[in-house]
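User: I am new to this structure and would like to be guided through its side-chain contacts and backbone features. Please explain the reasoning behind each answer.

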Amino acid sequence: MGRFKISEDCYPYFLTSTIVKWLPVFVSPATCDIVIDSLQYCRDKKGLRIHAYVIMPTHLHLVLSSDCGLTDIIRDFKRHTASQIVKESERRRDPPFQNVFKFCGRDNRPPTESKVWQNGNHPEMIINEDFFRQKTDYIHNNPFHKGLITDPHWWTYSSVRDFEGSGSGPLAIDLLEW
């Protein structure tokens with residue numbers, strides 16, 4: 001089992017995916033909805049299980065699992081959302097973001113037309129309930145610790161309300177049985 005690699009599909013993983021140059025892409029509902037819609041598609045059509053999430057302005061934290069092919073699902077998710085984020089930046093006529101995506105694509109090996117996501121996801125296998133709780137607490141408190149809100153329940157794009165029983169976020173989650 002290698003560090004920061006998905007080695008066993010039967011376990012959930014804590015993952016972080018970050019936008020190139022830490023651009024604040026996820027500050028509008030349109031770009032957040034790209035992520036929500038794509039994760040929901042992967043859940044409905046590809047067998048992805050979503051256990052916890054938060055969409056921050058520059059990155060995502062997720063706890064995900066799948067019976068098979070989690071690495072492939074994440075690759076497809078990032079590929080699809082990257083193309084949609086580029087289209088959204090073109091629609092909004094946002095040259096600074098477009099230029100950074102193109103620059104990072106040229107700098108990529110091999111070069112690509114654009115690059116939206118940094119390489120890697122830094123997956124950490126979650127093997128017990130204590131580690132799961134540690135990671136979900138981190139996920140749900142991340143907007144608060146970054147100074148974006150004063151109460152984690154106010155962050156729209158998070159599974160915190162699902163965990164606290166005070167409602168639900170915009171994306172259905174799959175509960176873990178320990």
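Analyst: A salt bridge is a side-chain nitrogen of Lys or Arg within 4 Å of a carboxyl oxygen of Asp or Glu. The model considered here is predicted. A search of the whole structure finds nine salt bridges.

User: Which residue forms a salt bridge with Asp174?

Analyst: The closest N and O atoms of this pair are 2.8 Å apart, and the limit for a salt bridge is 4 Å. Asp174 is in the segment after helix H5 (160-164), and its partner belongs to helix H1, so the contact ties together parts that are 131 residues apart in sequence. The partner of Asp174 is Arg43.

User: Is Asp174 buried or exposed?

Analyst: Residues under 20% relative accessible area are classed as buried. Asp174 has a relative accessibility of 17%, whereas Arg43 has 24% and is partly exposed. Asp174 therefore counts as buried.

User: Where in the chain are Asp67 and Arg49?

Analyst: The side chains of Asp67 and Arg49 meet in a salt bridge, at 3.1 Å from N to O. Asp67 is exposed, with a relative accessible area of 63%, while Arg49 is partly exposed at 27%. The two residues are 18 apart in sequence: Asp67 is in the loop between strand S3 (59-65) and H2, and Arg49 is in strand S2 (residues 49-55).

User: Over which ring does the charged end of Lys135 sit?

Analyst: Lys135 is buried, with a relative accessible area of 11%. Its side chain forms a salt bridge with Glu124, the closest N and O atoms being 3.5 Å apart. The charged end of Lys135 also lies 4.5 Å from the centre of a ring, that of Phe14.

User: Which residues do salt bridges that share partners join into one network?

Analyst: The bridge between Glu124 and Lys135 links strand S4 to helix H4, across eleven residues in sequence. Elsewhere, salt bridges with shared partners form one network. Its members are Lys46, Asp72, Arg75, Asp76 and Arg79.

User: How many aromatic pairs does the structure hold?

Analyst: Rings count as a pair if their centres lie within 6.5 Å. Ring pairs link Phe26, Phe77 and Trp117 into a cluster. For the structure, the number of aromatic pairs is five.

User: What is the geometry of the pair formed by the rings of Phe14 and Tyr138?

Analyst: Phe14 lies in strand S1 and Tyr138 in helix H4 (residues 129-145), so this pair ties together parts that are 124 residues apart in sequence. Phe14 is buried at 4% relative accessible area, whereas Tyr138 is partly exposed at 40%. The ring centres are 6.2 Å apart and the planes stand at 80°. Planes over 60 degrees apart count as edge-to-face, so the pair is edge-to-face.

User: Which term describes the pair formed by the rings of Phe77 and Trp117?

Analyst: Phe77 is buried at 4% relative accessibility, and Trp117 is buried at 5%. Their ring centres are 6.4 Å apart, with the planes at 40°. That angle is neither under 30 nor over 60 degrees, so the pair is tilted.

User: How many disulfides does a search of the whole structure find?

Analyst: A pair of cysteine sulfur atoms must be within 2.5 Å to count as a disulfide. For Cys42, the nearest cysteine sulfur is that of Cys68, 13 Å away. Cys42 is buried, with a relative accessible area of 3%. For the whole structure, the number of disulfides found is zero.

User: What is the phi value of Lys21, a residue other than glycine?

Analyst: Lys21 is in the loop between strand S1 (13-18) and helix H1 (29-46). At 54% relative accessibility, Lys21 counts as exposed. Its phi is positive, near 55°.

User: What is the phi value of His122?

Analyst: His122 lies in the loop between H3 and S4. Its relative accessible area is 46%, and His122 is therefore partly exposed. The phi of His122 is also positive in a residue other than glycine, near 50°.

User: Which residue does a cis peptide bond join to Arg109?

Analyst: The omega of this bond is about -5°. The partner lies in the loop between helix H3 (95-107) and strand S4 (124-125). The residue joined to Arg109 is Pro110.

How values were computed. Residues numbered from 1 in each chain as written. Predicted model: local features only at pLDDT ≥ 70, side-chain atom pairs only at ≥ 80, totals over all residues. Heavy atoms only, no water. Helix = DSSP H or I, 4+ residues; strand = E, 2+ residues; numbered from the N terminus. Buried < 20%, exposed > 50% of the residue type's maximum accessible area, 1.4 Å probe, protein only. Phe/Tyr/Trp six-rings, centres within 6.5 Å; stacked < 30°, edge-to-face > 60°. Lys NZ or Arg CZ within 6 Å of the ring centre and 35° of its normal.
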